[in-house]
Amino acid sequence: METLEPIIANHPFFAGLDGGFTNLMVGCASNVRFQAGDYIFKEGDPANTFYLIREGRVAVEVFAPQHKPIIVATLGVGEILGWSWLLPPYHWKNHAHAVEDTRAIALDGKCLRTKCEQNHDLGYEVLKRFARIIEQRLEATRLQLLDVYSARR
Amino acid sequence: MTMATTTTTDPMLPRPYLVRQVAKETPDIFTLTLEPENDPNGDMFLPGQFSMLWVFGVGELPISISGDPASPDRLVYTVRSVGQATHSLVSQRVGESVGVRGPFGAGWPAEVARNRDVIVVAGGIGLAPLRPLIYHVLGNRRDYKRLVVLYGARSPRELLYRKELASWARHHETQVLVTVDYGGLGWRGHVGVVTTLFKYARLQAPRSVAMICGPEIMMRFVARELEAQGLARDDIYLSMERNMKCGVGLCGHCQYEKHFVCKDGPVFRYEQVRSLLEKYEL
Amino acid sequence: MTAGHMLATGEATNPGVSQPAFRILDASQLQKLIDELLHRDYEVIGPTVRDGAIVYDRVGSVEDLPAGWTDEQEPGSYRLKHRRDQALFAYTVGPQSWKKYLHPAELRLWEAGREGGSFRILNNDTPPQRPYAFLAVRACELKAIALQDQVLLDESYRDPHYGQRRARAFTIAMQCTQAAATCFCASMGAGPRVGDGCDLVFTELLGQKGHRFVGKAESERGDELLSALETTPATEDDLRELEAALQTASQQARSVDTTGIKQLLFDNFEHPHWDKVAGRCLACAHCTLVCPTCFCTTVEDASDVTGDHAERWRRWDSCFTLSFSYIHGGSIRTSSKARYRQWMTHKLASWIDQFGTSGCVGCGRCITWCPVGIDITAEVRALREGGQHGNP
């Protein structure tokens with residue numbers, strides 16, 4: 001069984017954090033698998049875990065009445081899924097749905113949250129990294145909103 | 001910039017071309033295949049060049065050539081029906097004729113990409129002016145390293161050349177990634193803007209040359225992102241669009257600061273237009 | 001002043017002998033000049049008075065010329081005034097320029113006929129045109145013609161219609177002896193001294209020695225024509241009078257400091273001053289119509305009611321129109337601010353990169369004929385000085 005340590009340690013998201021932190025993460029990490037069609041989490045569920053996708057594809061969905069859930073983004077290999085565990089009220093805001101068979105590393109967000117409250121330096125480093133992800137998603141979402149490919153502007 | 005020699009006849013005179021096929025790509029996009037009435041050899045053109053297409057008595061439009069440069073006996077154009085002129089163009093029936101002037105313009109600099117990775121980034125109908133380049137690279141496979149096609153469209157229904165996209169992906173050292181802004185039912189592929197595909201392309205900056213075509217906003221963000229990934233500004237190319245009446249640099253309409261898009265472009269190096277893309281109402 | 005030191009030898013004119021030195025043509029000989037041109041089958045175009053302005057039109061006789069007229073020009077104002085003498089060319093420039101003839105406002109490019117589902121070009125010959133002889137081309141106008149030559153007779157993309165008219169056009173330049181208030185050709189290096197490119201150059205003198213023209217041939221065919229007229233060699237006094245007249249014309253109230261002007265315009269795209277001029281500009285396109293170097297055209301396709309016959313016409317267009325920059329989805333330059341900025345930047349800056357020189361010859365027409373009197377020289381100054389008003 002492969003260890004998760006090199007995967008976590010080498011992932012760009014964790015670069016620059018000290019070894020102690022990496023060990024902490026490894027201690028709170030586990031391999032998970034989802035089959036195509038499984039829901040990883042649903043809107044409203046308590047958010048205590050985040051995921052590092054190793055294989056497959058996950059769709060972030062918005063549930064709308066009279067519609068099947070609408071996919072607003074897909075995430076693939078190497079991407080981080082989930083930030084709602086970091087900020088109160090710690091509930092998922094969207095559905096996450098495996099589009100293909102997906103393997104991921106699940107990381108204990110609840111544990112990390114507590115450590116961040118105790119150690120603000122660690123908290124700042126973690127928040128910086130998630131802020132970057134949120135920024136990228138926001139920019140991409142804005143571009144999507146512009147509907148640049150439509151005929152009428 | 002690369003330029004083909006224009007025909008020796010008056011560039012303001014349209015030549016009659018027979019409509020051989022009108023294929024529907026999406027609800028409002030059609031691909032026309034034309035054949036010259038009077039010249040079996042056809043016209044040499046370079047990927048990225050355009051023609052001025054004329055419908056008798058209606059009007060004329062600049063349309064990028066979308067066919068295979070190795071088969072100049074046919075001229076292929078993918079046209080979106082958005083107004084009177086485009087509508088009449090896509091409504092032509094097989095056997096009728098359309099006037100063609102050109103080819104005009106500076107095309108994709110294939111020679112700059114020799115022995116390097118060719119990264120093609122297309123948005124919406126922007127894939128049409130890039131298709132001749134893709135054909136050229138696939139037809140001269142050994143002259144180029146990896147070919148990566150990153151294509152974003154509005155929704156699955158609006159994807160162009162679906163069968164070809166699949167067949168291109170089967171070529172040696174060729175990667176084709178497709179994404180849509182709105183997924184819809186049954187779509188199990190990527191959803192998100194085309195910049196979200198970059199991480200899967202495994203770009204190696206110094207050995208890559210990128211060619212981008214799509215709406216101006218999309219090209220601006222893509223070029224910026226490519227630069228952030230380490231590509232040099234001289235290794236990123238965009239195809240610009242402006243109003244054109246003559247296609248030969250005499251009517252003045254297509255000016256983009258000091259450039260004439262019809263003859264200095266439509267393909268430009270990112271270095272040439274980087275500061276211009278940010279200027280509102282230039 | 002190249003030939004100033006060459007004195008006449010008093011010989012009568014002799015056809016066939018080359019005459020590089022300045023000659024004197026008495027005003028009474030001017031009709032003969034026109035007749036000789038008509039005899040050589042030129043269509044003579046010159047200044048005439050019509051509708052309170054100097055306009056270029058066919059000229060058959062000296063009587064058609066604006067004797068005793070001068071003009072007073074200010075931003076947004078043009079008036080013809082009587083002079084006390086009978087000078088023929090004592091105005092500066094009117095609203096039109098020679099592009100009216102060389103690069104006409106309307107031109108049919110070709111016609112086509114339907115043949116089944118196809119078409120055939122029926123006729124793309126330009127109707128045979130008598131060659132033009134332009135009488136009294138100003139230095140700024142001569143320069144403007146040379147600028148349009150660069151644009152329209154480029155190696156790769158040549159306008160054959162312009163080329164044909166241009167090649168056969170005979171130009172007789174007439175140097176200005178005064179400047180209008182709106183002139184600034186001196187600072188643009190386009191006058192008042194006439195440069196290269198004409199067939200004959202004259203300057204009108206009305207001194208004690210009578211109404212005469214001092215000038216010389218600048219080409220073989222100019223030489224040939226001059227030889228057919230009665231001329232006497234110019235004296236040193238004549239040449240001094242010529243220089244004095246040019247000096248007067250060089251005294252211009254307006255000027256443009258062209259130092260680094262290209263970068264000034266390119267670097268000031270977001271200058272707050274553009275909003276100020278935009279508040280005044282009506283986007284009426286007058287400036288582009290009167291400008292002798294503006295060359296933009298559009299093409300229009302038309303068919304008859306049967307739909308079997310189509311024509312393509314070329315017409316003057318202006319970057320001040322909303323549709324000029326239209327692509328599907330909308331126009332790029334929707335505000336008049338953007339359009340004024342485009343025109344001024346193209347004229348003074350982009351032109352330099354495109355064609356190697358400035359596109360402006362300082363004729364001042366855009367200042368005179370702007371209904372709100374926008375002054376391009378003041379606009380340049382405002383950009384340099386950082387946001388101050390141009391003319392109030």
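Is His309(C), with its C-beta neighbours inside 10 Å, buried, exposed or partly exposed? The first legend below gives the answer. The model is predicted: local features need pLDDT of at least 70 and side-chain atom pairs count only at pLDDT 80 or more, whereas totals for chains, interfaces and linings use all residues. Residues are numbered from 1 along each chain as its sequence is written, and chains are lettered from A and ligands numbered from 1 in the order in which they are written.

**View 1. Surroundings of His309(C) in strand S14 of chain C.** His309(C) has 17 C-beta neighbours inside 10 Å and therefore counts as partly exposed (a residue is buried if 20 or more other C-beta atoms, placed from the backbone, lie within 10 Å of its own, exposed if 12 or fewer, and partly exposed in between). Strand S14 covers residues 309-316; strands (E, at least two residues) and helices (H or I, at least four) are DSSP runs, numbered from the N terminus. Apart from neighbours within four places in sequence, His309(C) is in contact with Glu111(C), Gly113(C), Ser303(C) and Asp304(C), where contact requires C-beta atoms, placed from the backbone, to lie within 7 Å. The C-alpha atoms of His309(C) and Ala190(C) are separated by 46 Å, and the two residues are 119 residues apart along the chain.

**View 2. Helix H3 of chain C and the elements packed against it.** The 14 residues of H3(C), 139-152, should span 20 Å at 1.5 Å a residue, and the end C-alpha atoms are indeed 20 Å apart; the expected span is 1.5 Å times one less than the number of residues. Because 11 of its 14 residues are buried, H3(C) is largely enclosed by the rest of the structure. Among the buried residues are Cys140(C), Leu142(C), Ile145(C) and Val151(C). The buried residues pack against helices H2 (99-102), H4 (160-168) and H10 (336-355) and strands S8 (132-137) and S9 (170-175) of chain C.

**View 3. The contact between chain C and chain B.** Chain C contributes 37 residues and chain B 33 residues. On the side of chain C, two or more residues each come from strands S6 (106-115), S7 (118-123), S13 (297-303) and S15 (326-327) and from H10. That side has 18 nonpolar, 14 polar and five charged residues (Ala, Val, Leu, Ile, Met, Phe, Trp, Tyr, Cys and Pro count as nonpolar, Asp, Glu, Lys and Arg as charged, and the others, Gly among them, as polar).

**View 4. Packing of helices H3 and H4 of chain A.** H3(A) (residues 109-118) and H4(A) (residues 120-146) pack at about 125 degrees, with their axes 5 Å apart; axes are lines fitted to C-alpha atoms, for helices over the stretch in contact, and angles run from 0 to 180 degrees between N-to-C directions. H3(A) is therefore oblique to H4(A) (under 35 degrees is roughly parallel, over 145 roughly antiparallel, 65 to 115 roughly perpendicular and the rest oblique). The contact is made by Leu112(A), Lys115(A), Cys116(A) and Glu117(A) of H3(A) with Leu122(A), Gly123(A) and Val126(A) of H4(A).

**View 5. The cis peptide bond between Gly191(C) and Pro192(C).** Omega is about 0 degrees for this bond. Pro192(C) lies in the loop between S9 and strand S10 (200-207) of chain C.

Definitions and conventions:
Contact = placed C-beta atoms within 7 Å.
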